Amino acid sequence: MAKAPKPLIAGNWKMNGLQRDLGELRKLIAWMRGASPSCDVMICPPATLISDVKSLVTGSRIKVGAQTCHAQDSGAHTGDISAPMLKNAGASAVIAGHSERRADHKESDKQVRAQAEAIHRAGLTAIICVGETAGERKAGKALKIVSAQLKGSLPSGATARNTVIAYEPVWAIGTGLTATPEDVARVHRHIRTRLGALMPAGEGGKVRILYGGSVKPENAATLMGVANVDGALVGGASLKAKDFQGIISAYV
Ligand code: PEP
């Protein structure tokens, strides 16, 4: 059996955060100094704050990620941001295929895969999101949907070093509803098996599989204790230092 990957707790600030809000990050940095968690910690601020966040976390153990990118490295795409630009601003990872991007911008698996390829080309880690909607879950299709998203979104060059998978049931994102530990165990086991089939020998067992969907300090330890859960992608609860620290504390 492969050694369990080092967990990652990543905070997705979504479209939240101004320079004046960075006090919460300063509190987190101070807390991290004393807490020494046994997981990696990452903040994915809006693109406008990446370089500010990078300056603040330099010297701490906190890494910086971005929330999406264009599939091309440069060109005539007004308003878009490429993976090399995000790297230049200080990001070491980029989320691809978050359900809000899949819904709001109609991003397909093919586009998500092209973004992940761009992220890899830039030498960054792709955090590829998959997850079923409430209707798909009700219809008993959760595993089928997740399998199709993995197959369609995972680039052929994906390895455990350049790729993280985030399982985020859409019905649990920002709703306060959390998947049960049994639900999470079933889907994460399935993802692990699928990764074994889709990736080069030995890689699938080493890829970090994060759970995301209303993770809070109150449920973090239980969820992080589930087999094949290697950390969390956290939305709302990553905005306040105290809440995010409560989640990281699952690994203290
Ligand atoms: C997310 O946006 O990735 C997420 C999991 O959000 P929340 O924690 O707010 O449900």
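In this predicted model, Asp109 comes out as partly exposed, with a relative accessibility of 22%. Its salt-bridge partner is Arg102, and the closest N and O atoms of the two side chains sit 2.5 Å apart. Arg102 itself counts as buried, because its relative accessibility is 15% and the cut-off for buried is under 20%. So Asp109, at 22%, lands on the other side of that cut-off.

The Arg102–Asp109 contact is one entry in a longer list, as the count of salt bridges comes to eleven. Side chains of opposite charge can pair when their charged atoms come close.

Another of these bridges brings together Asp183 and Arg137, with an N to O distance of 2.8 Å. This one reaches across the chain: Asp183 belongs to helix H8 (residues 181–198) and Arg137 to helix H6 (residues 134–138), and the two are 46 residues apart. Asp183 is buried, since its relative accessibility is 19% and buried means under 20%. Arg137 is partly exposed, at 36%. Arg137 also turns up in a second kind of contact: it lies over the face of Trp171, 4.2 Å from the ring centre.

Helix H8 contributes to a further bridge, this time through Arg192, which meets Asp230 at 2.8 Å, N to O. Asp230 is in the loop between helix H9 (217–224) and strand E8 (231–234), so the Arg192–Asp230 pair ties together parts of the chain that are 38 residues apart in sequence. Here both partners are tucked away: Arg192 is buried at 14% relative accessible area, and Asp230 is buried at 5%. Salt bridges also link up through shared partners, and in this way Lys6, Asp40, Lys63 and Arg208 are joined into one network.

Turning to the aromatic side chains, the count of ring pairs comes to one. The pair is made by Tyr167 and Tyr211, whose ring centres are 6.2 Å apart and whose planes are at 55° to each other, a tilted arrangement. Tyr167 sits in strand E6 (residues 163–167) and Tyr211 in strand E7 (residues 208–212), so this contact ties together parts that are 44 residues apart in sequence. Both tyrosines are buried.

As for empty space inside the model, there is one cavity of 30 Å³ or more. Rolling a probe the size of a water molecule over the atoms shows where such space is left. The volume of the largest cavity is about 50 Å³. Its lining is made up of Trp13, Glu24, Leu25, Leu28, Ile43, Ser238, Leu239, Lys240, Ala241 and Phe244. Two helices, H1 (23–35) and H10 (241–248), each supply at least two of these lining residues. The largest share, three residues, comes from H1. Sorted by class, the lining of the largest cavity has seven nonpolar residues, one polar residue and two charged ones.

Definitions and conventions. Residues numbered from 1 in each chain as written. Predicted model: local features only at pLDDT ≥ 70, side-chain atom pairs only at ≥ 80, totals over all residues. Heavy atoms only, no water. 1 Å grid on protein atoms, 1.4 Å probe; cavity = no way out; pocket = protein on both sides within 12 Å on 5 of 7 lines; lining within 4 Å. Points joined across faces, edges and corners; volume = space filled by probe spheres on them. Helix = DSSP H or I, 4+ residues; strand = E, 2+ residues; numbered from the N terminus. Nonpolar A, V, L, I, M, F, W, Y, C, P; charged D, E, K, R; others polar. Phe/Tyr/Trp six-rings, centres within 6.5 Å; stacked < 30°, edge-to-face > 60°. Buried < 20%, exposed > 50% of the residue type's maximum accessible area, 1.4 Å probe, protein only. Lys NZ or Arg CZ within 6 Å of the ring centre and 35° of its normal. Salt bridge = Lys/Arg side-chain N within 4 Å of Asp/Glu carboxyl O.
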